[in-house]
Amino acid sequence: MSAIGLGIDTTFDDTSVAILFGKSEILANLTLSQFEDHEEFGGVVPERASRKHLEVIHHLISKALKEAGIDFKEIDYIAVSNYPGLLGSLLVGLMVAKSLAFALKCPLIGVNHVEAHPYANVLTYGEIKFPILHLVVAGGHTLLMNAKEHFDYKIVGQSLDDAAGECVDKVAKMYGYPMPGGPIVDKAALEYPGDAFSFPRPLMHKKDHNFSFSGLKTAMLRFVENNSKKFYTRNNYLNLDEREGPVLSSFFQSVIDVLIYKTFKAAEKFELKNISVSGGLAASKKLRLAFEEEAAKKNIDLFYPPPKLCTDNAAMVTCLAAHRYEVKQFDDLDLEAFPNLI
Ligand code: KG4
Ligand code: ZN
């Protein structure tokens, strides 16, 4: 009989609750985004984020149970992301998860949020084809994982400074777009040519598999400063201006070129024929098309989830936990939350 898991993700500014049957059947996956609550401050305010999680989480759990058509008594385990993220936000999810596990007398499973992103592919395709190279391109992390099996992986490359998503969000912000900047940059990349301007492709030809996006961000800032008169004359931030479309498109082309070059180079080095792409930036149509094209050329099997499962969601967290439940890898109720990846 397949187990039913209830999972919680409150790592950053999205509150998400999911209910999963077995290892991949989503019974409910509800996410509330706080972007609008932080907009007036120009970025996520940690204290405000924790309070918001607290305000909505119980309501979200009730709604998820209702949508799944199940009762608390039917839950077999509780999953929760306990790192990395904003400490105050993580603590809200973790305390609720611990209370539920204690009250329901069922196991608690703490999950690494970044490690969970590739599990969105299990929800999409069924079991992962190992060995595989996972590229996670999220707002806070960009990393490459060489995975032999579940829970047996090595981080072979990561961003030495800003994550690709963070860089995209900041560049969009330079042009006055609210968080998250990815969708508007993706729109620009689909509508305008990506070769109108030439921006840096950091660390592209370095031998290791690490990334760096802060230099590109600075180059964009300089570009905006030098061209502010030309580019800052509009007052409608919802539509793409035809003067800035090619700039954003060329910028995104730099990001995509680096991600593609580094990922496929790592796959070649580690002799991997399967690649998965996950995390919020993987929702970009432009990025997906570019990866598909390269995968076809290199005869690689490529996996990526639908956009809703690319961005933060508790279903991927519960999915990873379902694999831990199977091998009875549980955590104690003194499980801690911590902000960093390692
Ligand atoms: O995985 P995620 O939701 O959060 C973290 O774990 O950090 O990723 C957030 C990132 C942001 O940089 C956001 O701009 C980007 O994903 N993003 C997108 C799209 N939706 C979100 N980028 C491109 N196209 C999208 N549709
Ligand atoms: Zn994430």
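**Exercise 1. The internal cavity**

Task: Determine how many cavities of 30 Å³ or more the structure holds, and state which residues line the largest cavity.

Solution. The structure, a predicted model, holds 1 cavity of 30 Å³ or more. The space in the largest cavity comes to about 70 Å³. Its lining consists of E115, P118, Y119, F130, H134, M145, A147, E149, H150, F151 and Y153. Sorted by class, these lining residues comprise 7 nonpolar, 2 polar and 2 charged residues. Strand β7 (residues 142-149) supplies the largest share of the lining, with 3 residues. At the level of domains, domain 1 (4-119 + 311-326) and domain 2 (130-306) each contribute at least three residues to the lining of the largest cavity.

**Exercise 2. Strand β4 and its partners**

Task: Establish whether the residues of β4 are buried or exposed, and identify the strands with which β4 pairs.

Solution. Begin with burial: 7 of the 7 residues of β4 are buried, and the strand is mostly covered. Next, consider strand β1 (residues 4-9), which pairs with β4 in the parallel sense over 4 bridges. Within this pairing, G7 has A79 of β4 as its bridge partner. Then turn to strand β5 (residues 108-112), which runs parallel to β4 and is joined to it by 5 bridges. Here A79 has I109 of β5 as its bridge partner. A79 is thus bridged to G7 and also to I109.

**Exercise 3. Two aromatic pairs**

Task: State how many aromatic pairs are counted, and classify the pairs Y77 with Y325 and F197 with F223.

Solution. The count comes to 9 aromatic pairs. For Y77 and Y325, the ring centres are 4.8 Å apart and the planes form an angle of 25°. An angle under 30 degrees counts as stacked, and the pair of Y77 and Y325 is accordingly stacked. Y77 belongs to strand β4 (residues 77-83) and Y325 to helix α13 (residues 314-326), so the pair ties together parts that are 248 residues apart in sequence. Y77 counts as buried, at 0% relative accessibility, whereas Y325 counts as partly exposed, at 24%.

For F197 and F223, the centres are 5.2 Å apart and the planes form an angle of 80°. An angle over 60 degrees counts as edge-to-face, and this is the class of the pair F197 and F223. F197 lies in the loop between α7 (182-191) and α8 (214-226), while F223 lies in helix α8, so the pair ties together parts that are 26 residues apart in sequence. F197 is partly exposed at 28% relative accessible area, whereas F223 is buried at 14%.

A last step extends the stacked pair: ring pairs link Y77, Y325 and F330 into a cluster.

**Exercise 4. Backbone exceptions**

Task: Identify which peptide bond leading to P131 is cis, which one leading to P180 is cis, and where E271 and K328 lie.

Solution. The starting point is that most residues other than glycine have a negative phi, and most peptide bonds are trans. The bond from F130 to P131 is cis, with omega near -10°, and P131 is found in the loop between α5 (120-125) and β6 (132-137). The bond from M179 to P180 is likewise cis, with omega near -10°, and P180 lies in the loop between α6 (164-174) and α7.

For phi, E271 has a positive value of about 50° although it is not a glycine. E271 lies in the loop between α10 (245-269) and β9 (274-278) and is exposed, with a relative accessible area of 70%. K328 has a positive phi near 55°, lies in the segment after α13 and counts as exposed at 64% relative accessibility.

How values were computed:
Residues numbered from 1 in each chain as written. Chains lettered and ligands numbered in written order. Predicted model: local features only at pLDDT ≥ 70, side-chain atom pairs only at ≥ 80, totals over all residues. Heavy atoms only, no water. Phe/Tyr/Trp six-rings, centres within 6.5 Å; stacked < 30°, edge-to-face > 60°. Helix = DSSP H or I, 4+ residues; strand = E, 2+ residues; numbered from the N terminus. Buried < 20%, exposed > 50% of the residue type's maximum accessible area, 1.4 Å probe, protein only. 1 Å grid on protein atoms, 1.4 Å probe; cavity = no way out; pocket = protein on both sides within 12 Å on 5 of 7 lines; lining within 4 Å. Points joined across faces, edges and corners; volume = space filled by probe spheres on them. Nonpolar A, V, L, I, M, F, W, Y, C, P; charged D, E, K, R; others polar. Domains from an automatic or database assignment. Pairing = 2+ DSSP bridges.
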